[in-house]
Amino acid sequence: MYGRIIAGLSCLGLLAACSEESGVRPVPVEQGDYQATIRWTSHGVPHILAEDLGSIGFGLAYAGARDFVCTLADQIVKVRSERAKTFGPGEDDANVDSDFSYLALGVTERGERLLERVSPEARALIDGYAAGYNRYLEETGADGLPAPCAGAAWVKPISPADLAAYYLHVNMFSGSLQLLDYLSRAAPPAPGERVRVRALDLPDFTRLGLGSNAWAIGRERSEGGRGMLVANPHFPWEGELRFHEAHLTIPGQLDVYGVALTGLPVINIGFNEHVAWTHTVSPANHFTVYRLTLDPDDPTTYIHEGKPRAMERREHTIDVLSDDGSVAQVSRVMYRSHHGPMLGASVLGWSTEQAFALRDANEDNSTVLDQWLGMDRAKSLDELRRLHEELRGIPFVFTTSVSADGEALLMDGSRVPHLSDATVSAYKSALQRDGLTGVLASSGIVLLDGSKERDEWPETQGAGGLVPWGDVPSLARTDFVMNANDTPWLTNPAEPLTGYPMLFGTPGAPISARTRMNLVLLTEEGEDAASGKDGLFSREELTEAILSNRGITAERLLAQVVERCDGAAPVDVEGEAVDVADACLALASWDGRMDLESTGALVWRELLGRFSNRDTMDAGHLYAQPFDPEDPLETPRGLVEAPAEGLDPILVALAQATLALAEAGFDPSTPLGDAQFTRKGDDIVPIHGGSGREGLTNIVGFSPGGRNSTLLPRLEAGEFINEATGLTASGYPINFGSSFIMVVEHTSGGPRAEALLSYSQSTDPASPYFADQTELFSRKAWRPVLFTQEAIDADPELVVKEVSGPR
């Protein structure tokens, strides 16, 4: 089909004559079929070429299934509420609870409605994606699937509605998905009970765990005088939140390169000829919780504006697989208020007097695919901005973008609820007088009064119940804008943002150590600055800076800690005298970075692990002088003074670090690369990078599972010696952090980019692309992005395949 335009192939236009070695298979094509050409280049990156959006979706899904079929199949089982039917009840009925949680959210029904609301173009993408995934299953067969789902009966064809339900679930990451356990068993007290409570930890929405760095460099700071972008999302290395790299082309209509989250038919982070963009998770609130005052005679009726209002009652039934292979049915009655589904656990327990409901701004987000499709095709930064304003489909992330001519723009266009001035005033008053409101606020949850119309989300033209676009924080500049998951006020220190609505955060609030490091890298001057002595960034300087593994906490405090510990006597730790001399010596000789060869890095990590993230942001247990919003890059500063009497907490932390490392079998002088690693099959790959406390841009760590819902095998950490730092008996296992790292430069000849996908493209252990980029990441060996036809044709690993299937 496209042989005539794929120059350099030996079988141009002659599919029937193509050899086995070419990778091309002659495929009978009927008029109207989906038809796409997949051109795989080095590291397994698919370049999808097609003539329409449906075929783009078809080709992208076919290529994607080769790399993540097991993961997507597992997720479809989940959103179908069929985990208990497929895998049994799970430990402590985890699969049963999961099934009922998704029934409570109604993702399957809402997915059907989403299909009716999306544009015809987005619908074509979804339909094509389902068909392409199913085509891969048909061609591969169950026994040809990769581990760990080879031969699995639960890997089945999917429908567009399945995908729509899955997309809705992804949208709700920063809201409902963190409260699934609160949804699954929410039920009114039984007769005779006063309250129905389950003991659960309250999710901390101030630290959801998904981070990122985003830099948009404008023409004033770009060596080439045009726009540049650094994308550095910190996401899980396994499970459904992995990125998949791809290039999508419809000649004359679409030409976009980047990554998509597993199973999505659009590029989420990437670039085209005109613009480049990336995302960082916003700390803004994307939901609110409502406290309902109940009818004393009926805990399923609540009072709204003085009148009783019955909850919607629905009984759901699921199948549960037993150990003997039989299937039993389990039913639960679940309730919704007009605000949204009911919650029921911990401090949000359901009593005879009160209950709690959740309203999620992304529960019915039907424009998300049109949003990213529009961005993929945007021809200017103004168009990118207008798409955000008109569609409001970005679920929970900032957008940091740059145009080819060098204008940089940051927007928090995510779906944030609109609260009236009266609601905000009442909420601030409740923070002072109501204990529960304060407890929830400390976890980033806004509690409103569900009995009053006042606390509904006011609808405005074009925004529904979301913050009106004119109030959304945004900043356009020609030097730079950036975000590292803090509130948007310090996007650029030269122009702090203020005046945005409460749910976006507080202007002037202390910034994280990582945000501070980002800003130092972007603003420091002099010969040793990240941008060089000329103050202008080249593409090479950006790649070096984002993976420099410099940590702001060490740069500000290390010398003073060494001065404190030099010559210190042994330190008492629970009756044991601990000699800290070797640890102090390791810190004194440390280069202050978290590179593979860095010695002393382990001591610093374990020392900081005795303090909180908050301690790295303001005065307290580490810093002597507090954060000053008028001097945000130089404060907090100075090591806290040693107490006049008693033990010095800094030396105690150093002694505890010494003991922890000894327990793990490491010396204070052990290089970071000998202790920090990830596993790829049977191979161990050393990993550089660090943590938020250390204040690096290159974040890596271990996530025990809260950001990854897959039931597929995952990296096991073993028993923690220090869970705060991720230290185990085997060292520091890594399954989270810098994921798709990309630096894009717009030039007069078009975009030029380099990238790394830290965990590699494929989840198939037998694939040559299972560990190749992980090895590159370990060495900081950036690879060129192949965007032009000439670059693709010249790739020595080019493999081409035509794929097609009925619409």
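Helices and strands are DSSP runs, of at least four residues (H or I) and at least two residues (E) respectively, numbered from the N terminus. The views below show a predicted model.

**View 1. Surroundings of T635 in the loop between β25 and β26.** T635 lies between strand β25 (623-625) and strand β26 (637-639). Its relative accessibility is 4%, so T635 counts as buried. Two backbone atoms are placed around polar atoms of the T635 side chain: the nitrogen of D628 at 2.8 Å and the oxygen of D631 at 2.7 Å. Leaving aside residues up to four places away in sequence, T635 touches R516, P626, F627 and D628. The peptide bond from T635 to P636 is cis, with omega near -5°, and P636 also belongs to the loop between β25 and β26.

**View 2. The buried face of helix α4.** In helix α4 (residues 107-117), the buried residues are V107, R110, G111, L114 and L115. Viewed down the axis of α4, these residues fall within an arc of 150°, so they line one face of the helix. In an α-helix there are 3.6 residues a turn, so residues three or four places apart point the same way. The buried residues of α4 pack against four helices, α1 (53-79), α3 (94-105), α5 (120-140) and α6 (160-171), and against strand β14 (327-336).

**View 3. The open sheet of ten strands.** Pairing in this sheet is mixed, and the strand order is β21-β19-β18-β9-β8-β7-β6-β2-β1-β37. β21 (474-477) and β37 (799-805) stand at the edges with a single partner strand each, so one side of each has no neighbour in the sheet. From one strand to the next, the twist averages 20°. Within the sheet, β6 (residues 243-250) and β7 (residues 254-261) are antiparallel and share eight bridges; H247 has Y257 of β7 as its bridge partner. Helix α1 lies across β1 (34-41), β2 (45-50), β6, β7 and β37, and runs at about 45° to β1.

**View 4. The largest nonpolar core and the contacts of V155.** This core holds 200 residues, of which V69, Y133, V155 and W215 touch the most other members. Helix α1 gives the most to the core, with 16 residues. Another core, of 41 residues, lies apart from the largest one and includes V561, V571, L587 and I650. In soluble globular proteins, nonpolar side chains tend to be buried together. With residues up to four places away in sequence left out, V155 touches V69, A73, Y133, L137, L145 and C149.

**View 5. The cis peptide bond preceding P148.** The bond from A147 to P148 is cis, and its omega is near 10°. P148 is located in the loop between α5 and α6.

**View 6. Positive phi at S81 and S346.** S81 is a residue other than glycine with a positive phi, near 60°. The loop that holds S81 runs between α1 and α2 (83-87). With a relative accessibility of 9%, S81 counts as buried. S346, likewise not a glycine, has a positive phi of about 50° and lies in the loop between β15 (342-343) and β16 (350-351). The relative accessible area of S346 is 21%, so this residue is partly exposed; the cut-off for buried is under 20%.

Notes: Residues are numbered from 1 along each chain as its sequence is written. This is a predicted model: local features need pLDDT of at least 70, side-chain atom pairs count only at pLDDT 80 or more; totals for chains, interfaces and linings use all residues. Side-chain values use heavy atoms; hydrogens and water are left out. Buried means under 20% relative accessible area, exposed over 50%, partly exposed in between (1.4 Å probe, protein chains only). A polar contact is a pair of N or O atoms within 3.5 Å; within protein, one must be able to donate a hydrogen and the other to accept it, and residues adjacent in sequence count only if both atoms are side-chain atoms. Contact means heavy atoms within 4.5 Å. The arc is that of the directions from the helix axis to the C-beta atoms. Two strands pair if DSSP finds at least two bridges between them. Axes are lines fitted to C-alpha atoms, for helices over the stretch in contact, and angles run from 0 to 180 degrees between N-to-C directions. A nonpolar core is a set of buried Ala, Val, Leu, Ile, Met, Phe, Trp, Tyr and Cys residues joined through side-chain atoms within 4.5 Å.
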